[in-house]
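User: I'd like to learn how to read a structure like this one, feature by feature. Can you walk me through it?

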Amino acid sequence: MDWKTIIYVILLMSLAVAKALPRTSQDIGEKANIGQRFSQLQENSFKAIALIMFAQYMPGETFGRAAGMAEGVTALAKRCVAAARDSPDCLKPLDRIFLDTICQEENLPGFVDCCSKKDPERNDCFLSLKNFSRGFPSLLERPDAEAACRNHSQHQQTLTAHFIYEVSRRHPFLYAPTILSVALRYEEMMKNCCGNAEGPSHHLEECFQTQAPKVMKPLREDALRQEHTCGILKKFGERTLKALKLAQISQKFPKADFVSVHKLVVEVADMHRDCCRGDAPDCMRDREEILHYVCTNQHILSSKIKQCCEKPLLKRSECLVNAENDDKPADLSPHVREFIEDKGICERFAKEKDTHLARFLYEYSRRHPEFSAQMLLRIGKGYEDLLQKCCRPGAPSGCRSRGEEELRKHIYETESVMKTSCDIYKEKGDYYFQNELLMSFTKKMPQLTSKELIKFTTEMTAIGSKCCQLRQDKLLPCAEEHLDLVLGEICRRHLADPINPGVCRCCSSSYAFRRPCIGKLEVDESYVPLALTPGLFAFHGDLCTMEEEKLQHRKQEMLITLLKYKPQISPEQLGSVTAAFAAMRERCCSEADPEACFLKEGPELIKRSEKMLSA
């Protein structure tokens with residue numbers, strides 16, 4: 001199997017694809033068949049995308065099997081282009097061909113139930129099996145530099161294909177163009193590091209340690225963002241996703257007119273629909289068409305994207321996502337009073353509700369780049385509720401004007417929450433700020449494991465580090481939009497294995513209000529606290545010899561266990577227990593035999609603490 005030139009051909013092809021792909025089939029609502037897709041993408045690009053799809057659908061299968069199936073589908077595509085274009089197999093939708101190929105394979109017991117269903121239920125079943133966290137070891141975490149370079153020199157033709165396969169099976173929701181971009185960065189890293197393989201081995205190790213995070217960090221961030229978007233689409237539907245994209249695009253392109261922004265919103269939502277249902281070829285085509293539209297219409301969209309549009313196609317999307325918002329038009333009025341004061345508002349709301357609300361969200365978002373997209377959605381929902389109340393027959397005069405007071409109140413509350421969090425972060429620093437989060441979230445969600453609670457609060461603490469140093473006008477978009485990603489992870493965890501009724505309510509009722517809802521959760525009253533067993537709190541001599549980072553981790557695990565044992569513990573009680581533990585540790589670590597000391601003092605500490613907590 002010759003994978004040698006796949007990445008280079010993909011790059012060259014992608015530069016021209018946006019202009020070369022015919023648009024007629026999508027414009028009239030038809031999906032291109034396998035022969036058309038093969039002709040558009042060409043063999044190597046088609047084969048790489050096929051490998052991605054099979055690896056994402058079958059992450060437990062070997063590279064050889066996924067690659068063999070990709071070869072089989074590619075061979076069918078070539079036959080369909082050459083002679084058999086009217087064959088029933090050639091006229092099937094592409095996603096059906098991929099699933100048929102999997103279902104025709106032998107010894108795949110995990111897919112029997114899905115394969116017994118008919119489309120579209122079969123595709124939905126396969127998508128439900130995709131799992132973001134399958135426990136694969138992290139890629140490039142501790143690479144053997146010498147072995148990697150030896151592999152690169154001896155097996156260059158399959159190494160990058162292997163990497164594509166490994167990334168795909170670990171990230172089943174990651175879009176094909178993103179995986180191809182990551183593969184390019186990987187290939188660049190291998191060339192840069194292994195090009196100097198004659199030097200000392202420690203230089204190789206240093207090169208990999210420096211370069212690997214540059215490959216993997218954007219990958220993890222993209223994977224999380226894309227899974228998050230698919231989660232929003234699946235749980236809250238296309239209307240919510242379109243509203244979110246409308247707010248984000250209006251902020252990024254405030255000079256663009258409503259019609260242009262709305263066109264982009266529809267195209268982006270369509271792209272996510274194709275990408276989230278696993279249709280990799282259509283996903284890639286949709287994305288290329290959007291990039292083509294944006295870059296050929298810079299004059300009406302933004303003055304800040306010129307450099308992005310000069311980049312190669314596979315790097316262009318990431319650049320546009322991270323591009324700064326364009327400047328607001330100089331003549332843009334600061335207020336949108338016409339949406340409150342105009343006499344014909346209720347009539348327009350009644351006749352074209354969604355269009356009217358979309359125009360309000362567009363106008364408000366382009367004026368407020370300092371707000372998060374989630375906050376803008378809450379403002380949009382508040383406006384909708386206001387019109388529903390005030391446009392009823394018999395509504396009191398001045399009803400609509402009261403909405404401004406509610407709006408100011410909500411803005412103040414949101415900004416206060418973020419300011420308070422940042423003040424705590426700046427005062428306490430990473431470790432103690434995370435402990436505050438652990439106390440809060442263990443009480444809200446005691447059903448989560450210690451590992452999960454530490455993971456989620458570590459991510460939240462990183463948000464504090466990233467966002468709390470920013471100017472006030474950048475703080476809210478940074479903090480709430482990054483926090484939204486973490487809360488999305490928690491809600492997907494809840495979907496896979498329900499946490500508790502409070503989390504269920506917050507994760508299900510409203511996307512825009514998810515963050516305030518979770519913020520207001522208190523102690524989960526449905527939780528049955530842990531019983532005090534002999535092994536619940538164990539203290540050993542390694543508490544004296546651990547590195548500081550590991551000791552902090554151990555202390556956090558003990559904090560979580562304590563909170564699961566006594567969810568109603570007061571801050572004063574917690575402070576007393578913490579101080580008693582610190583005194584015991586200092587005393588035992590000064591003894592000749594710390595282990596014996598802990599065995600004696602530990603049970604005594606537990607007894608005293610239990611008595612105090614029961615008082």
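User: Let's start with one residue. Is D279 buried or exposed?

Analyst: Keep in mind that this is a predicted model. To read burial, look at the relative accessible area: under 20% counts as buried and over 50% as exposed. D279 comes out at 3%, so it is buried.

User: Where does D279 sit in the chain?

Analyst: Look for the elements on either side. D279 is in the loop between α14 (258-276) and α15 (280-296). UniProt, in an unreviewed entry, puts a "binding site" feature at D279. Treat that label with some care, because annotations may be inferred rather than shown by experiment.

User: Let me try a contrast. How do I read D144, and in which loop does it lie?

Analyst: Same approach. D144 lies in the loop between α9 (121-129) and α10 (145-154). Its relative accessible area is 47%, so D144 is partly exposed. You can also set sequence distance beside spatial distance: D144 and C193 are 49 residues apart in sequence, and their C-alpha atoms are 12 Å apart in space.

User: Now the inside. How many cavities of 30 Å³ or more does the structure hold?

Analyst: A cavity is a space where a probe fits but cannot get out. Here there are 3 cavities of 30 Å³ or more. The largest cavity holds about 90 Å³ of space. It is lined by 13 residues, and those closest to its centre are Q56, L174, Y175, C275 and G278.

User: What is the make-up of that lining, and which helices supply it?

Analyst: Sort the lining by residue type, then by element. For the largest cavity, the lining divides into 9 nonpolar, 2 polar and 2 charged residues. Both α14 and α15 supply at least two residues of it. Those are the helices on either side of the loop that holds D279.

User: Where does the largest cavity lie with respect to the domains?

Analyst: Check which domains give residues to the lining. Domain 2 (145-196 + 204-229) and domain 3 (230-322) both do, so the largest cavity lies between them.

User: And the second largest cavity: what is its volume, and which residues line it?

Analyst: Its volume is about 50 Å³. The lining is made of P177, S181, M284, R287, E288, L291, L313, L314 and S317. By type, that is 5 nonpolar, 2 polar and 2 charged residues. By element, α12 (176-194), α15 and α18 (313-322) each supply at least two residues, and α15 gives the most, with 4.

User: Zooming out, how many helices and strands are there in the protein?

Analyst: For the whole chain, count the elements, then check the overall dimensions. The protein has 30 helices and 0 strands. With a radius of gyration of 28 Å, close to the 25 Å the globule rule gives for 615 residues, it is as compact as a globular protein of that length. The C-alpha atoms fill a box of roughly 85 × 75 × 50 Å along the principal axes, and 49% of the residues are buried.

User: Which residues does UniProt assign to the "domain: Albumin" feature?

Analyst: The unreviewed entry places that feature at residues 23-216, 217-409 and 410-607. To compare such spans, look at helix content and end-to-end distance. Residues 217-409 are 74% helix and 0% strand, with end C-alpha atoms 38 Å apart. Residues 410-607 are 73% helix and 0% strand, and there the end C-alpha atoms are 47 Å apart.

How values were computed. Residues are numbered from 1 along each chain as its sequence is written. This is a predicted model: local features need pLDDT of at least 70, side-chain atom pairs count only at pLDDT 80 or more; totals for chains, interfaces and linings use all residues. Side-chain values use heavy atoms; hydrogens and water are left out. Buried means under 20% relative accessible area, exposed over 50%, partly exposed in between (1.4 Å probe, protein chains only). On a 1 Å grid over the protein atoms alone, a cavity is a set of points where a 1.4 Å probe fits but cannot get out, and a pocket is an open set with protein on both sides within 12 Å along at least five of seven lines; lining residues have an atom within 4 Å of a point. Grid points are joined across faces, edges and corners, and a volume is the space filled by probe spheres set on the points. Ala, Val, Leu, Ile, Met, Phe, Trp, Tyr, Cys and Pro count as nonpolar, Asp, Glu, Lys and Arg as charged, and the others, Gly among them, as polar. Domain bounds come from an automatic or database domain assignment. The radius of gyration is taken over C-alpha atoms; the globule rule is 2.2 Å times the number of residues to the power 0.38.
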